[in-house]
Amino acid sequence: MRQFTYSALPGRVVFGAGAARTMLRPELEALGARRVLLIAAEPELPLARELAGDVAAEFTEVRGHVPVEIARRAVAAAAGADALLSVGGGSTTGTAKAVALETGLPIVAVPTTYAGSEMTPVWGLTEGRRKTTGSDPRVLPKVVVYDPELTTTLPPQVTGPSALNAIAHCVEAFYGPRANPIASLMAEEGIGALALGVPAAIERPDDLGGRSDTLYGAYLAGAAFASAGSGMHHRICHILGGAFDLPHADLHGVMIPQVAAYQEAYEPAAMARVARALGAPEAGPALFDLAVRIGAPTALRDIGLQDLDEAVSLVEETYPDARGLLEAAYEGRRPVETACETSPTRT
């Protein structure tokens, strides 16, 4: 007999081409927001201003992995605000979450990449070389406005890794600590949408169909991940990202084929569903091939990791047998297709 627990997280999603220009301000008004802190990186500030209209203050010091000193300055900038408006990618959303964690202010998020973090109550802060993550309902955005038109200017070197990062959320949703059949349905649908959409988005950046499929997949990925929680892949990426300040999406895109291949031995049923969503025999090689097809990085040494031995030492504090996995990721080796027997669960 089937048993599971599924917690539906609160929040409102508005999805559609042009939604940011037609629906954002009414959504802010419905939330009762009168003094909004706009959070956006400098390159996206003109767009954010156009979408938001009058705001009380702006914060543009956005950095990956959200250093604690940046978070403190963002909290200070929120003095007197009654709501936060995040326009940008995952680092921008993460900065808004850091403010919400301290202040309890509601977030309205307008994603311009495929990060998916706007759908989760997960926050992350980096101090020194160590990244700390947690989950708190205060950081879950109250409203998320998805607009495929805002992603058409994403260059291929951002589009590809960002979509692979979203796929990583889906993969982990199948075996996360709170895995459940509802999250798995969203994850499988999300992988299919992302795998269909991102090649079109890379080849024809203005193709709203491809952009819409990719953004829809990212939304499902974030929702599935929020429900099921994180596992081995995200723990490794948080360790490496915090220690070496590696680009977030690139790091996840490099690691997910290798982690999926590793998990074939421990989570064969989950990896079979990932492979099915990709229309392939096995998950790891198919994810690697997708990365190659869309021109995304496949090697840690190509995204800034210089000291493999130090990386192995840090990760082995949690996963003592991680050297082989990290060596393959460092060199960018395509996982070998191999049938795996069922083994004890390792997440």
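1. Let's start with a term: a contact means heavy atoms within 4.5 Å. Helices (H or I, at least four residues) and strands (E, at least two) are DSSP runs, numbered from the N terminus. Axes are lines fitted to C-alpha atoms, for helices over the stretch in contact, and angles run from 0 to 180 degrees between N-to-C directions. With that in hand, look at helix 3 (residues 45-52): it lies across strand 2, strand 3, strand 4 and strand 5, running at about 150° to strand 2.

2. Please keep in mind that this is a predicted model, in which local features need pLDDT of at least 70, side-chain atom pairs count only at pLDDT 80 or more, and totals for chains, interfaces and linings use all residues. Residues are numbered from 1 along each chain as its sequence is written, and side-chain values use heavy atoms, with hydrogens and water left out.

3. Now for the sheet. It is open, has 6 strands in the order 1-8-5-4-2-3, and its pairing is parallel; two strands pair if DSSP finds at least two bridges between them. Strand 1 and strand 3 (57-59) stand at the edges with a single partner strand each, so one side of each has no neighbour in the sheet. On average, neighbouring strands here are turned by 15° against each other, direction ignored.

4. One pairing to look up is strand 2 (residues 36-39) with strand 4 (residues 83-88), which run parallel and are joined by 4 bridges. Within it, Ile 39 stands opposite Ser 86 in strand 4. Helix 2 (residues 24-31) packs on the sheet, touching strand 1, strand 2, strand 4, strand 5 (107-111) and strand 8 (143-146). The direction of helix 2 makes about 165° with that of strand 5.

5. Is Thr 159 buried or exposed? Thr 159, found in helix 6 (residues 156-173), is buried, because its relative accessible area is 1% (buried means under 20%, exposed over 50%, partly exposed in between, with a 1.4 Å probe and protein chains only). Leaving aside residues up to four places away in sequence, Thr 159 touches Tyr 114, Leu 154, Val 198, Ala 201, Ile 202 and Arg 211.

6. For contrast, try Val 13 in strand 1 (residues 12-15). Val 13 is partly exposed, with a relative accessible area of 32%.

7. Finally, visit helix 12 (residues 283-293), where 8 of the 11 residues are buried, so the rest of the structure largely encloses this helix. Among the buried ones are Pro 285, Leu 287 and Phe 288. Their cover includes helix 6, helix 7 (181-203), helix 10 (248-263) and helix 11 (268-278). After helix 12 comes Gly 295, with a positive phi near 75°.
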